[in-house]
Amino acid sequence: MNCTTCKPTVGEGENGREKFPGPTTNACKLCTPLGACLAYKGIAGTVPFLHGSQGCATYIRRYLISHFREPMDIAASNFAEHSAVFGGRDVLHTGLANVATQYSPELIGVATTCLSETIGENMPQLLREYRERKDVPHDAALVQVSTPSFKGTHVDGYHTAVRGLTETLATGTGEHNGPVALFPGFVSAEDLRHLKEVFAAYEAPLTLVPDYSETMDGGSWAAYERIPTGGTPVGDVRALGSARAAIECGRVLAGESRTAGTLLGKNFSVPLHRLGLPIGLRETDQLTAVLGALTGREMPKEVAAARGRLIDAMVDGHKYVFGQRAVVYGDEDLVIGLVSFLCEIGVTPVLCASGGRSRRFEKTLRAAVPELPAETVIREGADFASIGAEAETLKADLLLGNSKGYSLARRLEIPLVRCGFPIHDRIGGHRLLHLGYRGALGLYDLVVNALLERKQDTSSIGYAYL
Amino acid sequence: MNTTSTVPAGGRSYETTALQSSSLSAVIEVLPGRASSISLAGEVGGVGAAMVCDKHSLAGSVTQRACVFCGSRVVLYPIADALHVVHGPIGCAAYTWDIRGAQSSGPQLHRNSFSTDLQELDVIFGGEKKLERALMELIDRHEPKAAFVYSTCIVGVIGDDVGAVCKRVAAAKGIPVLSVASEGFKGTKKDGYRAACEAVYTLIGTGQISGIGPLSINLLGDFNIAGETWIVREYFERMGIEVVATITGDGRVDDIRRCHGAKLNLVQCAGSMTHLAKKMKEEHGIPFLKVSFFGFEDMAAALYDTAKHFADEALMEKAKVVVHDELSRFYPQLRVYKEKLIGKKAAIYVGGAFKAFSLVRALRTLGMTTALVGTQTGDKEDYAQLREMCDPGTVIVDDSNPLELAKFCLEKDVDLFIGGVKERPIAYKLGIGFCDHNHERKEALAGFVGMFNFAREVHASCCSPVWNYVPRRAARTAAIGGAR
């Protein structure tokens with residue numbers, strides 16, 4: 001799209017607080033309940049349930065389906081005018097009962113919306129009343145989180161649901177001999193599969209929360225699956241209190257005081273390792289170091305081999321990428337991982353932008369990637385209008401981020417390396433691997449080849465041998 | 001025939017094959033509150049004419065419907081030189097950013113997503129100031145011909161007077177700034193259509209109508225998905241009919257302002273635009289015809305009906321020429337596909353009933369039968385008509401959900417599903433071909449060429465070799481002796 005006249009909105013005042021918050025043009029974020037729904041999809045036998053208007057569920061379903069290309073049932077209490085005026089108790093109860101009847105879920109993951117939050121629904125009370133009713137099914141566990149869309153982004157919704165699951169379900173035995181709890185962050189289905197492989201290589205038993213690697217990327221069905229198979233068993237979430245350790249990925253997330261990881265520490269004294277998303281060499285090294293320490297093992301052969309191949313590839317292509325100027329956008333923690341990786345290979349990130357607004361994005365990014373040039377522009381609370389305006393003046397060579405940057409790439413006539421979420425204009429976005437040495441190698445190939453392709457396409461000679 | 005499937009704890013999966021279909025209804029239960037919204041064509045007794053529809057979705061039913069906001073947004077979205085500002089938290093704007101195939105021959109402003117992106121403090125203290133500032137800033141930046149302001153769920157709850165803000169901004173900027181009462185929970189998607197029609201209506205009658213001839217029409221309810229409005233418009237222009245305004249496909253504010261000068265309104269998406277047509281009939285005396293541009297039969301009927309309306313023999317002759325030319329071009333090509341598709345069974349689940357009628361006929365043109373047909377927004381008359389036009393035994397369903405749709409697809413053992421993105425994975429997971437007939441598609445399916453495109457797409461999906469390898473279909477193929 002050609003929003004050439006879009007300019008960044010009014011500047012920020014002290015402490016990053018806007019004096020005059022402008023409108024958002026082409027948001028670089030989604031709403032909080034979306035993240036909660038995806039997190040719930042990673043728990044076995046779970047149906048996400050939004051307390052609010054049905055449109056929220058329908059829009060979020062469509063948005064997730066377009067990325068994952070998998071069924072995505074999200075129930076809603078389907079507010080009508082009556083419920084907005086007198087409260088949504090009845091529709092919540094009816095809705096939960098209907099979901100229990102139709103899906104026979106093990107767990108219903110309830111999340112609020114801006115509507116139910118604004119009318120001040122007392123969710124714990126409403127759920128307590130549901131549990132006390134004799135005329136409704138009670139086989140499913142209920143988890144409830146508060147996810148008003150006027151507070152935070154889809155990433156916050158995701159982490160809130162992960163925390164809510166842990167807070168509601170986890171119990172302890174006093175011992176810490178259980179599988180390692182891994183809270184991976186908002187990553188792809190392929191990323192989740194790879195994390196399991198890496199842990200398996202270390203022979204480290206693992207509880208991944210959430211794990212939608214199968215529920216959101218499963219095989220073709222022989223029979224209809226009301227709730228797609230896969231996901232972390234509810235029992236495993238319940239047992240998190242006896243995890244021998246917890247690992248939580250995301251450096252911005254690490255600045256949060258109340259997370260699933262901190263909760264396990266506080267309630268059950270589970271030791272917590274807070275890392276970045278393991279993107280690129282250094283961030284993955286941090287993860288493998290923790291795994292080595294937890295298991296007392298050397299780096300397994302296959303992991304070491306992948307690491308070796310990554311470094312070898314970085315050498316092979318280093319001249320193609322050196323000094324190329326990149327614009328990176330997306331979820332804050334994803335951007336931090338990608339920027340760290342780009343700096344390892346010699347690409348210069350000139351603009352790092354996120355629609356998230358943690359108030360610590362720049363500080364966290366600079367701490368994670370100390371070699372990042374001082375002149376690199378870092379923006380939180382960005383939208384695509386502001387990203388586009390800045391990218392133009394910064395003379396970028398490529399974009400890294402989700403498919404929503406395509407119109408910008410088209411306008412600037414530079415390649416877009418698609419990663420993160422959503423990827424709505426290619427197949428297999430959910431199968432893209434970002435994490436680990438192997439993920440870095442894949443990203444590396446994508447970046448180098450995008451640049452080579454551009455070089456070829458814009459050359460008058462067009463060599464077939466590069 | 002036994003398929004093996006692992007049944008996990010909790011019985012979430014179950015065994016099924018096409019040949020066991022009679023036992024399926026026992027497996028996926030229809031919710032008691034939903035049973036009265038499902039009927040069968042040719043059924044004696046049962047739900048029949050008493051079919052319940054046109055009501056709010058049952059809580060927890062995972063309806064395929066969206067909300068009031070969605071209804072307004074889809075109708076107004078294609079007006080390309082207007083500013084569309086979504087007043088609320090970010091979700092509603094983010095999910096409707098440039099997803100539709102509604103094309104514009106000029107400005108592309110409609111493909112942006114503008115939001116006031118309300119935050120917690122705005123919710124506490126009210127969003128009026130933020131909205132006003134946003135409108136002022138965006139109007140200065142983009143210089144639109146008009147602005148639409150969509151209210152989302154919480155706007156009414158926090159008490160913003162959107163109408164007053166619109167008035168102030170309109171006065172300051174000298175363009176129409178129209179409030180669209182589209183709070184998500186205040187009704188169904190249909191109420192959103194109505195709110196959109198009300199907003200559009202305020203523009204009508206404010207432009208110059210001099211120079212508009214006697215053979216003139218407006219096209220209502222075509223949204224120019226993949227250029228469909230252009231295809232259809234060209235047929236009418238070949239007949240010598242002037243198209244004053246296309247509402248809202250490739251829509252322009254100035255055209256809408258003067259569209260009351262046209263002598264006839266053609267309403268294609270009856271569900272969304274009949275309200276506007278009725279208002280224009282009452283206030284401006286413009287008659288309207290309900291038409292459909294999908295399928296050879298319906299497209300030809302639309303041209304003939306228009307000619308008949310103007311009671312002009314020469315016009316009817318021209319209509320015949322258009323139909324003849326188009327059919328001689330596309331029918332032979334279509335027959336190639338038809339040969340491969342004869343006897344296949346389809347399920348239809350779409351937004352509006354008029355599209356469903358057309359699709360039932362279009363499938364017949366391809367030699368296919370309709371085994372299941374449902375809509376999100378049909379009314380009693382619509383369903384009565386569906387019951388009449390469909391073969392006996394066809395399942396007819398209002399406001400369905402994934403479980404019901406899967407149940408009926410399996411019971412009826414369909415080869416094709418026609419729906420939108422939300423229905424696609426249901427079809428694909430069960431090894432069923434799929435044709436996207438929703439607004440997100442990028443293929444033109446209207447007009448004669450559109451029918452050909454439809455045939456090509458249905459053929460491409462139904463006749464793909466991939467179905468030989470999906471487990472459910474492979475089992476079926478084995479069961480019937482590999483005949484397929």
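Two strands are said to pair if DSSP finds at least two bridges between them. The exercises below concern a predicted model.

**Exercise 1. Determine in which sense strand 1 of chain A and strand 3 of chain B pair, and place this pairing in its sheet.**

*Solution.*
Step 1. The two strands, the second of which covers residues 114-115 of chain B, are joined by two bridges and run antiparallel. One residue pair can be named: Thr25(A) has Phe114(B) as its bridge partner in strand 3 of chain B.

Step 2. The strand order of the open sheet is 1(A)-3(B)-2(B)-4(B)-5(B), five strands with mixed pairing. Its edges are strand 1 of chain A and strand 5 (177-180) of chain B, each of which pairs on one side only.

Step 3. Further inside the order, strand 2 (residues 82-87) and strand 4 (residues 146-151) of chain B run parallel and share six bridges. Among the residues concerned, Val86(B) is partnered by Tyr150(B) of strand 4 of chain B.

Step 4. Helices pack on this sheet. Helix 4 (residues 128-142) of chain B touches strand 2, strand 3, strand 4 and strand 5 of chain B, and its direction makes about 155° with that of strand 2 of chain B. Helix 6 (residues 162-173) of chain B touches strand 2, strand 4 and strand 5 of chain B, at about 170° to the direction of strand 5 of chain B.

**Exercise 2. Describe the side of chain A that touches chain B by its elements and residue classes.**

*Solution.*
Step 1. The contact draws 67 residues from chain A and 74 residues from chain B.

Step 2. On the side of chain A, the elements that give two or more residues are strand 1 (24-25), helix 2 (54-68), helix 3 (81-86), helix 4 (89-103) and helix 5 (114-118). Helix 2 of chain A supplies the largest share, ten residues.

Step 3. Sorted by class, this side of chain A holds 31 nonpolar, 24 polar and twelve charged residues.

**Exercise 3. Analyse the six-stranded sheet of chain B and state which strands stand at its edges.**

*Solution.*
Step 1. The sheet is open, with the order 1-12-11-10-13-14 and mixed pairing. Strand 1 (38-40) and strand 14 (433-436) of chain B each have a single partner strand, so one side of each lacks a neighbour in the sheet. On average, neighbouring strands are turned by 15° against each other, direction ignored.

Step 2. At one edge, strand 1 of chain B is antiparallel to strand 12 (residues 395-398) of chain B, over three bridges. There Ser39(B) has Ile396(B) as its bridge partner in strand 12 of chain B.

Step 3. Helix 13 (residues 353-365) of chain B packs on the sheet and touches strand 10 (345-350), strand 11 (369-375) and strand 13 (416-419); its direction makes about 175° with that of strand 11 of chain B. Helix 14 (residues 380-389) of chain B lies across strand 1, strand 11 and strand 12 of chain B, at about 165° to strand 12 of chain B.

**Exercise 4. Classify the packing of helix 11 and helix 14 of chain A.**

*Solution.*
Step 1. Two packed helices are described by the angle between their axes and the distance between the axes. For helix 11 (residues 280-295) and helix 14 (residues 332-345) of chain A, the angle is about 120° and the axes are 6 Å apart.

Step 2. Angles from 65 to 115 degrees count as roughly perpendicular and those over 145 as roughly antiparallel. Helix 11 and helix 14 of chain A are therefore oblique to each other.

Step 3. Gly280(A), Leu281(A), Arg282(A) and Glu283(A) of helix 11 meet Gly337(A), Ser340(A), Phe341(A) and Glu344(A) of helix 14. These contact residues comprise two nonpolar, three polar and three charged.

**Exercise 5. Locate the backbone exceptions at Pro210(A), Pro422(A) and Ser104(A).**

*Solution.*
Step 1. Most residues other than glycine have a negative phi, and most peptide bonds are trans.

Step 2. The bond from Val209(A) to Pro210(A) is cis, with omega near 0°; Pro210(A) sits in the loop between strand 7 (206-208) and helix 9 (234-238) of chain A. The bond from Phe421(A) to Pro422(A) is also cis, and Pro422(A) belongs to the loop between strand 14 (416-418) and helix 18 (436-457) of chain A.

Step 3. Ser104(A), not a glycine, has a positive phi of about 40°. Ser104(A) is placed in the loop between helix 4 and strand 4 (107-112) of chain A.

Methods. Residues are numbered from 1 along each chain as its sequence is written. Chains are lettered from A and ligands numbered from 1 in the order in which they are written. This is a predicted model: local features need pLDDT of at least 70, side-chain atom pairs count only at pLDDT 80 or more; totals for chains, interfaces and linings use all residues. Axes are lines fitted to C-alpha atoms, for helices over the stretch in contact, and angles run from 0 to 180 degrees between N-to-C directions. Helices (H or I, at least four residues) and strands (E, at least two) are DSSP runs, numbered from the N terminus. Angles under 35 degrees count as roughly parallel, over 145 as roughly antiparallel, 65 to 115 as roughly perpendicular and the rest as oblique. Two residues are in contact if their C-beta atoms, placed from the backbone, lie within 7 Å. Ala, Val, Leu, Ile, Met, Phe, Trp, Tyr, Cys and Pro count as nonpolar, Asp, Glu, Lys and Arg as charged, and the others, Gly among them, as polar.
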